[in-house]
Amino acid sequence: MGELKLIRTDSDNADFRQLVVLLDKELSIRDGDEHSFYAQFNKLDLIKHAVLVYSNSVAVGCGAIKQYDETAIEIKRMYVREEFRGQGVAVRILKELETWAAELGFEFALLETGYNQPEAVRLYQKTGYLAIENYGQYENVENSICMKKQLVL
């Protein structure tokens, strides 16, 4: 892996959109019949804050934040290409998203992941996210795991 370069962008970025297509393909396999339920909450038009990671000018990972309420953002669309996993890319993306959210004045980060994504659950646990009651549209969804972290600038 070459030197990593992080950039801040939005959902209009073509590299971001390409990575999201790969993410959705993977999630449709992992989530099976439940994928269409989750897909409705992952529209890109509301995403104004996205982070991309490049290695040798190839986009290898992404993540985004979107406002949830006055004090919290929601982490969305986290993805790292398979061949770049396990090398700290997702941690770098997550830290950049948290920093950006704190700069924007938010106090908390929320996220939803699922039992079908054990790697994601481990990532969030090791970076300080704590399990909370399922929120919003995930309230009665058995496969969902919701988490929260206090942001620090």
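**Exercise 1. Locate Arg 77 in the secondary structure, and state its backbone phi and its burial.**

Solution. Arg 77 is found in strand E4, where strands (E, at least two residues) and helices (H or I, at least four) are DSSP runs, numbered from the N terminus. The model is predicted: local features need pLDDT of at least 70, side-chain atom pairs count only at pLDDT 80 or more, and totals for chains, interfaces and linings use all residues. Residues are numbered from 1 along each chain as its sequence is written, and side-chain values use heavy atoms, with hydrogens and water left out.

Step 1: the phi of Arg 77 is positive, about 55°, although the residue is not a glycine. Step 2: the relative accessible area of Arg 77 is 5%, so Arg 77 is buried. The classes are buried under 20% relative accessible area, exposed over 50%, and partly exposed in between (1.4 Å probe, protein chains only).

**Exercise 2. Describe the surroundings of Glu 74.**

Solution. Step 1: Glu 74 also sits in strand E4, which covers residues 72–80. Step 2: with a relative accessible area of 4%, Glu 74 is buried. Step 3: a contact means heavy atoms within 4.5 Å. Leaving out residues up to four places away in sequence, Glu 74 touches Ala 64, Ile 65, Lys 66, Tyr 68, Leu 110, Leu 111, Tyr 135 and Tyr 138. Step 4: the side chains of Glu 74 and Tyr 135 are joined by a polar contact of 2.6 Å. A polar contact is a pair of N or O atoms within 3.5 Å; within protein, one must be able to donate a hydrogen and the other to accept it, and residues adjacent in sequence count only if both atoms are side-chain atoms.

**Exercise 3. Give the strand order of the sheet and identify the edge strands.**

Solution. Step 1: the sheet is open and has seven strands, ordered E1-E2-E3-E4-E5-E7-E6, with mixed pairing. Two strands pair if DSSP finds at least two bridges between them. Step 2: strand E1 (4–9) and strand E6 (130–132) each have a single partner strand, so one side of each has no neighbour in the sheet. Step 3: from one strand to the next, the twist averages 30°; the axes behind such angles are lines fitted to C-alpha atoms, for helices over the stretch in contact, and angles run from 0 to 180 degrees between N-to-C directions.

Step 4: Ala 131 illustrates the edge strand E6. Its relative accessibility is 62%, so Ala 131 counts as exposed. Not counting residues up to four places away in sequence, Ala 131 touches Cys 146 and Met 147. The C-alpha atoms of Ala 131 and Ile 145 are 7.0 Å apart, at a separation of 14 residues along the chain.

**Exercise 4. Work through the antiparallel pairs that involve E3, then the pair E5 and E7.**

Solution. Step 1: E2 and E3 pair in the antiparallel sense over seven bridges, and Val 53 has Gly 61 in E3 as its bridge partner. Step 2: these two strands form a hairpin with two residues between them. One turn residue is Asn 56, whose phi is positive, about 50°, although it is not a glycine. At 56% relative accessibility, Asn 56 counts as exposed.

Step 3: E3 pairs with E4 in the antiparallel sense over six bridges, with Cys 62 opposite Tyr 79 in E4. Four residues make the hairpin connection from E3 to E4. Step 4: seven of the ten residues of E3 are buried, so E3 is largely enclosed by the rest of the structure.

Step 5: strand E5 (residues 108–114) and strand E7 (residues 144–150) are antiparallel, with seven bridges. Ala 109 stands opposite Lys 149 in E7.

**Exercise 5. Check the length of H3 and describe its packing.**

Solution. Step 1: the expected span of a helix is 1.5 Å times one less than its number of residues. For the 15 residues of H3 this gives 21 Å, which agrees with end C-alpha atoms 21 Å apart. Step 2: H3 (residues 89–103) lies across E1, strand E2 (49–55), strand E3 (58–67), E4 and E7, at about 155° to E4. Step 3: the buried residues of H3 include Val 89, Ile 93, Leu 97 and Trp 100. The buried residues of H3 pack against E1, E2, E3, E4, H4 and E7. Step 4: after H3 comes Gly 105, with a positive phi near 95°.
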